[in-house]
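Please open the structure in your viewer and keep the sequence beside it. The tour below proposes one selection after another and states what is found at each stop.

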Amino acid sequence: MAEPILNVKDFSLYYGKKKSIKEISMDFYPNEITSLIGPSGSGKSTLLRSINRMNDLVPGVTTTGTITYKDRNIYGPRMDTVELRKDIGMVFQQPNPFPFSIYENVVYGLRLKGEKDKAVLDEAVENSLKAANIWDEVKDILHKSALGLSGGQQQRVCIARVLAVNPDILLLDEPTSALDPISSDKIESMLLELKEKYTILIVTHSMQQASRISDKTAFFLDGELIEYDKTKSIFLNPKDQRTEDYVSGKFG
Ligand SMILES: Nc1ncnc2c1ncn2[C@@H]1O[C@H](COP(=O)(O)OP(=O)(O)OP(=O)(O)O)[C@@H](O)[C@H]1O
């Protein structure tokens, strides 16, 4: 079995005094899609945001335990969070393109890095938009505003923007919940292609989505990791009664 790319060990997170993640330990493996499922408030987004230290932006957050990415503790004193967020990119529920052209959205991170070579930028735009399954739809309007695209197209441009800086891991927080079924399908098939190259963690409220696309599924309840296994086992043969109740729709 491959080495884990991410190791979460005895990790807890407090918003002020409230403990929202409770001593979670789990490994994530390269080239797999892992779904994080559980009812509202169970801590899925908080865990996802802990992995690229987005929670640092929330005042009063403290953590204990470790999250190790490629042998480095993400919460160690020497971690450069700007670099970390290039390696571990994030896509949110609401598509959030910048009010620039499609082209400038995709090259945003490369320009921040100081890349000026037009050929390099052009190539990154084409490759990233192709990987995000949207090249054919936008190749003739690259210099038009990304805000003129549909929600589903905007979300794929946002994914291309993350891919352009060449990350290892993609964190997706309910990336299709604001989209229609056809746009969601496009994103799901894109994710299945992207996992050949990336490690993907996705928070989803859709049991169908989790079972369609993920290799592993983790079920959270009230800040605790209740069960984490191959997706088939979670849905067809859960070991914990609470998992069974949740996946069969009895609560949440
Ligand atoms: N910025 C914040 N400040 C204070 N408490 C927060 C903050 N963000 C989340 N929480 C609390 O942490 C707990 C976990 O929330 P989180 O958003 O991680 O859950 P979730 O499982 O992702 O829920 P949802 O499915 O609704 O997105 C909840 O009790 C929530 O109220």
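**The surroundings of the ligand**

Begin with the ligand of this predicted model and select the residues around it: Tyr15, Ser20, Gly38, Ser40, Gly41, Ser42, Gly43, Lys44, Ser45, Thr46 and Val58. Colour this shell by residue character, and it divides into two nonpolar, eight polar and one charged residue. Which helix gives the largest share of the shell? That share, three residues, comes from helix H1, residues 44–51.

**Helix H1**

Now select H1 alone. Is this helix mostly covered or uncovered? Helix H1 is mostly covered, for eight of its eight residues are buried. They are Lys44, Ser45, Thr46, Leu47, Leu48, Arg49, Ser50 and Ile51. As you look along the helix, recall that an α-helix has 3.6 residues a turn, so residues three or four places apart point the same way. Then move past the end of the helix to Arg53, which follows H1 and has a positive phi, near 60°.

**The whole chain**

Zoom out and display the full chain as a cartoon. Its secondary structure comes to ten helices and ten strands. The C-alpha trace spans about 55 × 40 × 35 Å along its principal axes. A compact globule of 252 residues would have a radius of gyration near 18 Å, and the chain agrees with this because its own value is 18 Å. Of the 252 residues, 42% count as buried. Among the contacts with a separation of 6 or more, 68% are accounted for by residues 24 or more positions apart.

**The six-stranded sheet**

Select next the open sheet of six strands, whose order is S6-S7-S8-S3-S9-S10 and whose pairing is mixed. Strand S6 (88–91) and strand S10 (224–230) stand at its edges; each has a single partner strand, so one side of each is left without a neighbour in the sheet. On average, neighbouring strands of this sheet are turned by 15° against each other, direction ignored.

Within the sheet, highlight strand S3 (residues 33–37) and strand S8 (residues 199–203), which run parallel and are joined by four bridges. Which residue of S8 is the bridge partner of Thr34? The partner is Leu201.

**Strands S1, S4 and S5**

Turn to strand S1 (residues 6–15) and strand S4 (residues 61–69). These two run antiparallel, and eight bridges join them. Select Leu6, and Tyr69 in S4 is found opposite.

From S4, continue to strand S5 (residues 72–73), which runs antiparallel to S4 and is joined to S4 by two bridges. Here Thr68 stands opposite Asn73 in S5. S4 and S5 form a hairpin with two residues between them, and in the turn Lys70 has a positive phi of about 50°.

**A last stop at Asn133**

Finally, select Asn133, which lies in the loop between helix H4 (118–131) and helix H5 (135–138). Why does Asn133 count as partly exposed? The reason is its 18 C-beta neighbours inside 10 Å, since a residue is buried only from 20 such neighbours and exposed at 12 or fewer. Leaving aside residues up to four places away in sequence, Asn133 touches Arg156, Lys186, Ser189 and Met190. To end the tour, draw a distance from Asn133 to Lys144: the two are eleven residues apart in sequence and 18 Å apart in space, C-alpha to C-alpha.

Note on methods. Residues numbered from 1 in each chain as written. Predicted model: local features only at pLDDT ≥ 70, side-chain atom pairs only at ≥ 80, totals over all residues. Near = placed C-beta within 6 Å. Nonpolar A, V, L, I, M, F, W, Y, C, P; charged D, E, K, R; others polar. Rg over C-alpha atoms; globule rule 2.2 N^0.38 Å. Contact = placed C-beta atoms within 7 Å. Pairing = 2+ DSSP bridges. Axes fitted to C-alpha atoms, helices over the stretch in contact; angles between N-to-C directions.
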